[in-house]
Amino acid sequence: MQIKPILAAMRHHKAGTVLIALQIALTLAIVCNALFIIHQRMARMARPSGVEETNLFVIRSDWADKSDPQRIDVQMQADLIALRQLGSVQDAAPANSFPLHGTGWDNFIKLQPDQVKMTTDSAIYFSDDHTLATLGTHLIAGRNFTASEIGAQQPRDAMHSAQVIISKDLAQRLYPDGSALGKTIYVSMGNKPSTVIGVTDTLQAHMVGSWAGPYAYNAVLVPARLLNDYTYYLVRARPSQLAAALRDAPKALYAQSRMRIIDRKDGVMTFAQVRQHAYERDVGMAILMGIISVVLLAITAAGIVGLTSFWVGQRRKQIGVRRALGATRGDILNYFLTENLLIGIGGVLVGAVLAIGINLWMVTQFEMARLSLGYVVVGVIALLLLGQGAVLAPALRASHVSPVEATRSV
Amino acid sequence: MFAYYLDLALHSLARNKALTALMVLAIALGIGASMTTLTVLHVLSGDPLPGKSAQLYYPQIDPQDIKGMMPSKEPPEQVTLIDGLNLLHAARADRQALMSGGSAPLDPEKANVDPFYVETRYTTTDFFPMFDAPFLFGHAWTAADDEAKAREVVIARALNDKLFGGANSVGRTLRMAGVDWRVVGVLDKWQPNPHFYDLNTGSYAYGEQVFLPLQTMLELGLDRNGSTDCWGNGGGGVGSILPSDTCVWLQFWAQLDSPAKAAAYKEFLVHYSQDQKALGRFQRAPNVRLRNVMQWLDYQMVVPDDVRLQNGLAFGFLLVCLVNTVGLMLAKFMRRAGELGVRRALGASRRALFTQLLIESGVIGLVGGIGGLLLALFGLWLVRQRPSAYAALAHLDLSMLFITFVLALCATVLAGLLPAWRACQIAPALQLKSN
């Protein structure tokens, strides 16, 4: 295939050529970035929580009378016994927050008491000796809390637990050599040390915001019930008894005391709902990006069809002459395909630069990673194929122009 | 002449239905997507108190200890109770108010309504005139009531409707947090968006139902929500209801009617910091900021990243749609070179042809704009189905409606410029010869 005559022909319709190339470039830049964002969001959603999510649910109980923390403590212990005694319930534990919840406590973690800057940030989970079993999270080193170690505290009391259990990632962050077990760390503003008695397998923090990325798997389990205005109960149903447990647990709590509010709408949530709620925005964003990309590709394809059809119509006579001089149908078809490929290559070259430029700009504006070149390569191939597909119909029509056209209207 | 050109344009558009439809669809999609996201952005980054916000300032001072001090670091985003009361009592601004938010259980007199929680704002008397809060009945409590720790409340219209059936409830009693309160005023519907005076409660679609004097709240120790930032080893007020003196947890706002007053107030804040340092309370060199409402919102970056991202994406999309339209229009106009050549030969000036072609692209813009408007309405409906706090606010207002059409028309006329100009460059003789 001769490229020179194609280039010569292009010079006669510069504006159209530039417009198609520009459209391809812009589409490539946007679609690459959109795909990248979709993939990032999906990767976020696919992260493990470290929790055995099936059969787990959460109840929020708001205390109607908040005046007496001691009474709240007694009530919480009674509630937990009642929940654990249910036939459909395997285990239950109190909680101030839990993985993927979105809100909760996060504290700066320090290795030395007089350290000015934090070593890292971590979620604080108030726990008891049933918490790990209820979550279905395993210890990879050390031991669980014993019942006698579990205390109680109010939100404004200083945290001074002598023992803590920390997540694998936090242990790795604090002691990269893997020696966290038995060491002391400082988990609150009080200067009392806490000894690490256990290290869990992967356990996600409650924070789901993108700012919390570096801390997303840092968690400290503190052996205490938090006597706040409300509490959460983590409840693990026995296998295949989730529905029964969801029904029984609130009833059991109300039977214990009616001095509480369990919201009818979201007072009881299965962990699947917790997960869905945590990533709702990411799903929305991914869908939007997906729709925009598809529509964008469709419009670009339609634009190519439109402009090429016009060129075919404009050159019917030239095509006829070429056919009369011996060019085969394949030659004509090839001509238009090659022309489109050349424009496409020009477009994707500009587009690739633009895509990377937009990404670099977004990195400075938003919480975003660098675009990996794989997306650009995939985008380039997709757009070149799209161009070839779009040009096929007009090119086929061109190849059917009969040589007789050359003789007409002269 | 315009009517004739319009007629010509419609004829020409009707001749090539698929191409016209494609152009209109592309414009409509581009306009629809960008107007949807622009409206959301417009709503979210809007001025909560138009006409007033430029006079409202949020003073920040730095009472933290010397640990962890870094030069040019921002002071805390709230004030301590001591500093708040000092600034309030200094009364150097035209108006000022100290405040915090919380919630309290409300016990309705009606037996058939269960007790429920209401969002509360603890503040001082100037809050209402300063933020232009409109009263339906009654008025605010007075400065004397503030100091006397009066048990008086101003309630929102929605709560008044719920408790008192919408009647004038001034003078009636409300039982909240185990205490009897006298209603002194009822606010008309009032909900600034964003909730600029306290962003800790969530930036959008948040409104308090009960307003009461801050001093009374301090005395009774009512429940408080919001952010508390402490430093040192104070432990945030262990065992007490309120955060300790080394914690910031209150918002302080000042109304300063002229830039000169604002400059003077900033000066005052520096002096105040110096005085406090001399007294030994402050340890750092004066570190003050004085932002007005819009500057404060900007600094706090209230508009979610995702919304800005979507807006950028939508405008990129519109740009592609426009490039697409330019290309198609170019094809369409060039195809009519013969017809245009005849018109030129018969005496039509270039300018006349140019006008005719621009009118044709304007018609596409108008139809595309109407389509885009419908799509934007649909898009905003979709946004309202989303779970975000701001979703309910996504409505098209008149100014955005106007912008939609201006954008659509300008964009398409602009897109028509190049093709029309190119088409007018054709030498009539050449076209006539080849036909």
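A residue counts as buried here if 20 or more other C-beta atoms lie within 10 Å of its own, and as exposed if 12 or fewer do. Keep that in mind for helix 8 of chain B, where Tyr265(B), Leu269(B), Tyr272(B), Ser273(B) and Gln276(B) are buried. One caution before we go on: this is a predicted model. Below is a tour of its domains, the contact between chains A and B, a couple of helices, the nonpolar cores and some unusual backbone spots.

**Domains**

- Chain A comes with two assigned domains: domain 1 takes in 4-45 + 281-407, and domain 2 covers 65-258.
- Measuring from centre to centre over C-alpha atoms, domain 1 of chain A and domain 2 of chain A are 55 Å apart.
- Chain B is split as well, into domain 1 (2-45 + 304-434) and domain 2 (53-300).
- In chain B, the C-alpha centres of domain 1 and domain 2 are separated by 50 Å.
- Five residues of domain 1 of chain B make contact with four residues of domain 2 of chain B.
- On the domain 1 side of that contact in chain B, the tally is five nonpolar, no polar and no charged residues.

**Where the two chains meet**

- Chain A and chain B each put 37 residues into the contact between them.
- On the chain B side, helix 2 (17-44), helix 10 (305-335) and helix 13 (398-424) each supply at least two residues.
- Helix 10 of chain B gives the largest share of that side, with 18 residues.
- Sorted by class, the side of chain B that touches chain A has 20 nonpolar, ten polar and seven charged residues.

**Helix 8 of chain B, up close**

- This helix runs over residues 259-279; its 21 residues should span 30 Å at 1.5 Å a residue, and the end C-alpha atoms are indeed 30 Å apart, so the two values agree.
- Which residues of helix 8 of chain B are buried? They are Tyr265(B), Leu269(B), Tyr272(B), Ser273(B) and Gln276(B).
- Those buried residues cover an arc of only 95 degrees around the axis, so they sit on the same side of helix 8 of chain B.
- A handy rule goes with this: an α-helix has 3.6 residues a turn, so residues three or four places apart point the same way.
- The buried residues of helix 8 of chain B pack against strand 1 (56-60), strand 11 (251-255) and strand 12 (289-292) of chain B.
- Turned away from the buried side of helix 8 of chain B is a face that carries the exposed residues Ala260(B), Ala263(B) and Ala278(B).
- Right after helix 8 of chain B comes Gly280(B), with a positive phi near 95 degrees.

**Helix 2 of chain B**

- The 28 residues of helix 2 of chain B should span 40 Å at 1.5 Å a residue, and the end C-alpha atoms are 40 Å apart, so this helix agrees too.
- Helix 2 of chain B is mostly covered, with 22 of its 28 residues buried.

**Nonpolar cores**

- The largest nonpolar core has 102 residues, and those with the most contacts inside it are Leu28(A), Ile30(A), Cys32(A), Ile27(B), Phe317(B) and Cys321(B).
- Helix 2 of chain A (residues 14-45) gives the largest share of this core, 16 residues.
- Leaving aside neighbours within four places in sequence, the contacts of Ile27(B) include Cys321(B), Thr325(B), Ile364(B) and Ala408(B).
- There is also a second, separate core of 67 residues, with Ile72(A), Leu100(A), Ile166(A) and Leu174(A) among them.

**A buried asparagine in chain A**

- Asn359(A) is part of helix 10 (residues 329-365) of chain A.
- Why does Asn359(A) count as buried? Because 21 C-beta neighbours lie inside 10 Å.
- Beyond neighbours within four places in sequence, Asn359(A) is in contact with Asn33(A), Arg370(A) and Leu371(A).

**Unusual backbone spots in chain B**

- As background, most residues other than glycine have a negative phi, and most peptide bonds are trans.
- Asn193(B) and Pro194(B) are joined by a cis peptide bond, with omega about -5 degrees.
- Pro194(B) is in the loop between strand 7 (179-187) and strand 8 (210-213) of chain B.
- Ala91(B) is not a glycine, yet has a positive phi of about 50 degrees.
- You can find Ala91(B) in the loop between helix 3 (81-90) and strand 2 (95-106) of chain B.
- Met301(B), also not a glycine, has a positive phi of about 50 degrees, and lies in the loop between helix 9 (293-300) and helix 10 of chain B.
- Met301(B) has 11 other C-beta atoms within 10 Å, so this residue is exposed.

How values were computed
Residues are numbered from 1 along each chain as its sequence is written. Chains are lettered from A and ligands numbered from 1 in the order in which they are written. This is a predicted model: local features need pLDDT of at least 70, side-chain atom pairs count only at pLDDT 80 or more; totals for chains, interfaces and linings use all residues. Domain bounds come from an automatic or database domain assignment. Two residues are in contact if their C-beta atoms, placed from the backbone, lie within 7 Å. Helices (H or I, at least four residues) and strands (E, at least two) are DSSP runs, numbered from the N terminus. Ala, Val, Leu, Ile, Met, Phe, Trp, Tyr, Cys and Pro count as nonpolar, Asp, Glu, Lys and Arg as charged, and the others, Gly among them, as polar. The expected span of a helix is 1.5 Å times one less than its number of residues. The arc is that of the directions from the helix axis to the C-beta atoms. A nonpolar core is a set of buried Ala, Val, Leu, Ile, Met, Phe, Trp, Tyr and Cys residues joined through C-beta atoms within 7 Å.
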